[in-house]
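Hi,

Here is the structure I said I would pass on. Have a look at it first, and my notes follow underneath.

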Amino acid sequence: MGMIPIGDDNIQGGPPAIANWTLVLLNVLAFLLELSQPSEKALQSFITAWGVVPREYSTGHDIAPFIPLPFWTTLVTSMFLHGGWAHLLGNMLYLWIFGDNLEKVMGHARYILFYLLCGTAAGLAQIVTNSGSSLPSVGASGAISGVLGGYLLLFPRNRVRVIMGYGVASVPAFLMLGIWILIQFISGMGAMARTEETGGVAYMAHIGGFVAGLVLVKLFARRDRLAYA
């Protein structure tokens, strides 16, 4: 049965989660920029230009040479693009719910750096496991997977309110996020057997971001703030 999170146990006090709100806003603005493209062809060119195209990294050549920045900058720009409203809203829901607690134990600047590093690790995981693909990969999912990994390590017993079926239940974070990453691993193993033209969800990017979050979170969390977590 699917679980859709709608809230969690928040750390009380401290400054507002300005960095997390800013990340949500930037993702929304970037998506509106996508929607402003004048045609479907222009949109596809935009996505190819600013998304992660694994083949560019394996060959060292730009597929979209008109872009004024080197192709490796797409490891960052791709994090703010999305494939549709459902993709955007789903990602922003998870970021809104789970990101604020991490920001409160890290601080604004550390949290943003943590987020970007997890997203970069996710992009690299996608490149390594699908190096011949010419399909662009976009979305905040990898970076948010890192947020979920960090949240799971620091707040495993936090209660998460989720919609299940026709009701709302409260479950521990380790249960919900444990099921989530298990699905990613199972799906990722299946995706590795497909061809590059299959498309779909970049599960290996999710796994890469999640692992990065697990590894990095305690390096970025401030010990004085963990005491109040």
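I started with helix α7: its 14 residues, at 1.5 Å a residue, should span 20 Å, and the end C-alpha atoms are indeed 20 Å apart, so expectation and model agree. Bear in mind throughout that this is a predicted model. What surrounds α7? The rest of the structure largely encloses this helix, because 13 of its 14 residues are buried.

Ser 145 is a good residue to click on here, as it lies in α7. Is Ser 145 buried or exposed? Its relative accessible area is 2%, so Ser 145 is buried. Once you set aside neighbours within four places in sequence, the contacts of Ser 145 are Trp 180, His 206, Gly 209 and Phe 210.

Two of those names come back in the second largest pocket. Trp 180 and His 206 are among the residues that lie nearest the centre of that pocket, together with Asn 91, Tyr 94 and Gln 184. The lining has 15 residues in total, and the elements giving two or more of them are α5 (85-106), α7 (141-154), α8 (173-191) and α9 (203-220). Which element gives the most to that lining? That is α5, with five residues. The volume of the second largest pocket is about 300 Å³. As for the classes of residue in its lining, I get eight nonpolar, seven polar and no charged.

Stepping back to the whole chain, there are ten helices and three strands. In sequence order the pattern reads β-α-α-α-α-α-α-α-β-β-α-α-α. The chain has 229 residues, and 47% of them count as buried. If you take the contacts between residues at least 6 apart in sequence, 78% join residues at least 24 apart.

Now the strands. β1 (residues 4-8) runs antiparallel to β2 (residues 159-164), and four bridges join them. In that pairing, Ile 4 is set opposite Ile 163 of β2. On to β3 (residues 167-172), which is also antiparallel to β2, with six bridges between the two. If you want to check the register, Arg 161 has Ser 170 in β3 as its bridge partner, and Val 162 has Ala 169 in β3. β2 and β3 form a hairpin with two residues between the strands, where Gly 165 takes a positive phi near 65°.

Next is helix α6 (residues 108-129). Its 22 residues, at 1.5 Å a residue, should span 32 Å, and the end C-alpha atoms are 32 Å apart, so this one agrees too. The buried residues in α6 are Tyr 111, Phe 114, Tyr 115, Cys 118, Gly 119, Ala 122, Gly 123, Ala 125, Gln 126 and Ile 127. What covers them? The cover includes α1 (18-35), α3 (54-59), α4 (74-77), α5, α7 and α9.

For a close-up of that region, try Phe 220, which is found in α9. With a relative accessibility of 12%, Phe 220 comes under the 20% cut-off and so counts as buried. Which residues does Phe 220 touch, not counting those up to four places away in sequence? They are Val 105, Met 106, Arg 110, Leu 113, Phe 114 and Leu 117. Phe 114 is 106 residues from Phe 220 along the chain, yet their C-alpha atoms are separated by 7.0 Å.

α4 is one of the elements covering α6, and Thr 74 is found in it. Thr 74 has 2% relative accessibility, so this residue counts as buried as well. Leaving out residues up to four places away in sequence, Thr 74 touches Ala 49, Trp 50, Gly 51, Val 52 and Tyr 57.

If you only have a few minutes, I would look at α7 and Ser 145, then the lining of the second largest pocket, then the hairpin of β2 and β3.

Cheers

Note on methods:
Residues numbered from 1 in each chain as written. Predicted model: local features only at pLDDT ≥ 70, side-chain atom pairs only at ≥ 80, totals over all residues. Heavy atoms only, no water. Pairing = 2+ DSSP bridges. 1 Å grid on protein atoms, 1.4 Å probe; cavity = no way out; pocket = protein on both sides within 12 Å on 5 of 7 lines; lining within 4 Å. Points joined across faces, edges and corners; volume = space filled by probe spheres on them. Nonpolar A, V, L, I, M, F, W, Y, C, P; charged D, E, K, R; others polar. Buried < 20%, exposed > 50% of the residue type's maximum accessible area, 1.4 Å probe, protein only. Contact = heavy atoms within 4.5 Å. Expected span 1.5 Å × (residues − 1).
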